[in-house]
Amino acid sequence: MAASISDVTEMASSTSDNPNTGETHSRVPVDEFPLLAKEEKDHTLQEGEATTRSAEEMEKVLREMETKYAAYVRRDTYGIMGTGDICIWEKAVLVLALLVFVPIKVVLLFLIVFTYYLICKLCTMGRLPIHNGFQESNGDSSVTPLNNGSAKSDAQAASNIATSSPKHEETFAHISGMRRVIIVNSGRFLSRAILFVLGFFWITVTRRDKVRVGKEGEAADGVDLHPSAIVSNHVSYVDILYQMSASFPSFVAKRSVARLPLIGLISKCLGCVYVQREDKPSDFKGVAGIICERLRTAANNKMAPMMMLFPEGTTTNGNYLLPFKTGAFVAGTPVQPVILKYPYSRFSPAWDTISGVRHVILLLCQFINHLEVVWLPIYVPSEKEKSDPRLYANNVRMLMASEGHLTQVEIGLQEKRIYHSFLNDYLASRVSQ
């Protein structure tokens with residue numbers, strides 16, 4: 001449901017299954033492979049060109065691709081893009097799951113989502129959506145909600161949260177009192193229920209966020225701080241479900257999400273900031289500006305909801321950490337780093353280079369999935385970091401890589417598209433041979 005933080009920045013301006021393999025924090029240069037550099041010039045093959053390349057040539061380029069773009073390589077049982085050859089036993093398991101477990105899970109998931117939609121519908125009944133963030137509604141003084149669902153009347157705080165979003169952008173996050181409590185608490189509970197249906201029966205959570213620290217490790221216990229945003233590595237759409245169950249933050253979402261049946265109303269109750277890809281109205285100051293205001297307000301007002309941002313800009317296979325975009329750090333406010341890992345033995349829940357439909361089906365076919373979460377201490381930026389968002393982003397990234405035993409690589413969404421395009425050509429060549 002959420003869009004990556006790369007959408008925000010664009011509008012505003014080694015391959016081990018186990019990450020603990022001793023290759024942590026290494027950086028993979030992007031110019032070590034001359035053959036691959038040549039291939040990238042025409043990575044999108046013309047129609048029929050894949051069939052003219054020999055299997056040996058394609059395999060050679062594939063090996064180079066997997067070395068250079070290791071952050072996107074799938075190493076699970078199902079192989080490249082989930083289309084690899086599997087044994088007879090695995091096929092039997094899939095058939096059994098498709099016939100028995102998947103239909104049951106789909107029905108349960110629909111019932112959960114529909115139930116939460118009805119809850120949101122009832123709680124927003126008689127309330128008009130706000131078009132400019134959190135502001136006064138129906139003549140009443142504004143009420144700014146807490147992350148945990150409680151609320152307090154505070155007109156001044158509400159005016160601080162108001163943002164310059166498009167006039168047609170709607171949100172119900174201004175709803176307060178018991179209605180807000182029901183929306184938040186039921187949302188957290190039902191999000192966890194969805195994770196349970198998906199096979200995440202146990203989620204291992206490690207909390208290290210009791211002590212607030214800055215770059216140099218100075219303690220900040222004497223200062224009452226509130227993180228403005230949760231920043232996390234991005235592995236799967238499951239990340240969003242976990243964060244909804246844990247803290248119910250606001251997300252950055254594509255504008256089309258607001259128009260989806262069921263999900264649209266839920267996203268408005270979350271207070272999502274929508275990425276608008278069409279022509280922007282004259283009063284639209286940009287999603288980055290909206291997020292910056294949200295972050296500053298959340299840092300100064302505990303009653304303002306936090307945001308959930310994925311500064312990598314896209315998903316990886318979970319063993320690597322891409323360069324961070326600066327959108328979550330421009331405001332210079334404290335952030336809450338979170339590390340997510342998905343241990344697996346058969347199918348990897350990572351949504352790296354595999355189609356969404358195939359990923360959902362294989363995820364539903366897997367009876368048990370695992371998730372490990374580490375909440376790091378709230379990161380308080382230094383004055384130098386506040387004035388240099390790039391430095392701030394890099395320091396948080398290095399901390400997360402160190403604590404999560406993740407390998408830092410200097411590639412991004414563009415390289416992921418190159419790799420994904422080649423895999424499509426590679427699979428097409430295999431079919432034709």
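Let's start with one pairing: serine 250 sits opposite methionine 307, a residue of strand β8. The model you're looking at is predicted, and its protein chain has 14 helices and 13 strands. Of the chain's 433 residues, 53% count as buried. The accessible surface adds up to about 19,100 Å², with 57% of that belonging to carbon and sulfur atoms.

**Strand β6 and its neighbours**

- Strand β6 covers residues 250-254, and four of its five residues are buried, so the rest of the structure largely encloses this strand.
- On one pairing, β6 meets strand β8 (residues 307-309) in the parallel sense, over two bridges.
- Strand β7 (residues 273-275) also pairs with β6 in the parallel sense, this time over three bridges.
- Within that β6–β7 pairing, alanine 253 has tyrosine 274 as its bridge partner.
- To get from β6 to β7, the chain passes through helix α9 (residues 263-270), and this β-α-β crossover is right-handed.

**Just before β6: phenylalanine 248**

- Phenylalanine 248 belongs to the loop that runs between α8 (238-246) and β6.
- Its phi is near 50 degrees, which is a positive value in a residue other than glycine.
- Is phenylalanine 248 buried or exposed? Its relative accessible area is 2%, so phenylalanine 248 is buried.

**Another positive phi: histidine 405**

- Histidine 405 isn't a glycine, yet it has a positive phi of about 55 degrees.
- You'll find histidine 405 in the loop between α13 (389-404) and β13 (407-408).
- With a relative accessibility of 37%, histidine 405 counts as partly exposed, because that class lies between the 20% and 50% cut-offs.

**Two helices to look at**

- Helix α4 takes in residues 55-68; at 1.5 Å a residue its 14 residues should span 20 Å, and the end C-alpha atoms are indeed 20 Å apart.
- Several residues of α4 are buried, including Met58, Val61, Leu62 and Met65.
- The buried residues of α4 also include Glu64, Glu66 and Lys68.
- Helix α10 (residues 287-300) has 14 residues too, with an expected span of 20 Å that agrees with the 20 Å between its end C-alpha atoms.
- Among the buried residues of α10 are Val287, Ile290, Ile291, Arg294, Leu295 and Ala298.
- Here's a handy bit of background: with 3.6 residues a turn, an α-helix has residues three or four places apart pointing the same way.

**Aromatic rings**

- How many aromatic pairs does the structure hold? There are 14 aromatic pairs in the structure.
- Take phenylalanine 201 and tryptophan 202: their ring centres are 5.8 Å apart and their planes stand at 80 degrees, so this pair is edge-to-face.
- Tryptophan 202 counts as exposed, because its relative accessibility is 59%.
- Phe201 and Trp202 belong to a cluster linked by ring pairs, along with Phe101, Phe196 and Phe367.
- Elsewhere, arginine 207 lies over the face of tryptophan 375, at 4.3 Å from the ring centre.

**Far apart in sequence: glutamate 415**

- Glutamate 415 has its place in helix α14 (residues 413-432).
- In sequence, glutamate 415 and tyrosine 69 are 346 residues apart, but C-alpha to C-alpha they are 7.2 Å apart in space.
- Glutamate 415 has a relative accessible area of 21%, so it's partly exposed.

Definitions and conventions. Residues are numbered from 1 along each chain as its sequence is written. This is a predicted model: local features need pLDDT of at least 70, side-chain atom pairs count only at pLDDT 80 or more; totals for chains, interfaces and linings use all residues. Side-chain values use heavy atoms; hydrogens and water are left out. Buried means under 20% relative accessible area, exposed over 50%, partly exposed in between (1.4 Å probe, protein chains only). Two strands pair if DSSP finds at least two bridges between them. A crossover is right-handed if, with the strands pointing away from the viewer, the path from the first strand over the helix to the second runs clockwise. The expected span of a helix is 1.5 Å times one less than its number of residues. Rings of Phe, Tyr and Trp (its six-membered ring) pair if their centres lie within 6.5 Å; planes under 30 degrees apart count as stacked, over 60 as edge-to-face and the rest as tilted. A charge sits over a ring if NZ of Lys or CZ of Arg is within 6 Å of the ring centre and within 35 degrees of the ring normal. Accessible areas come from the Shrake-Rupley method with a 1.4 Å probe; for residues, only the protein chains shown count as cover.
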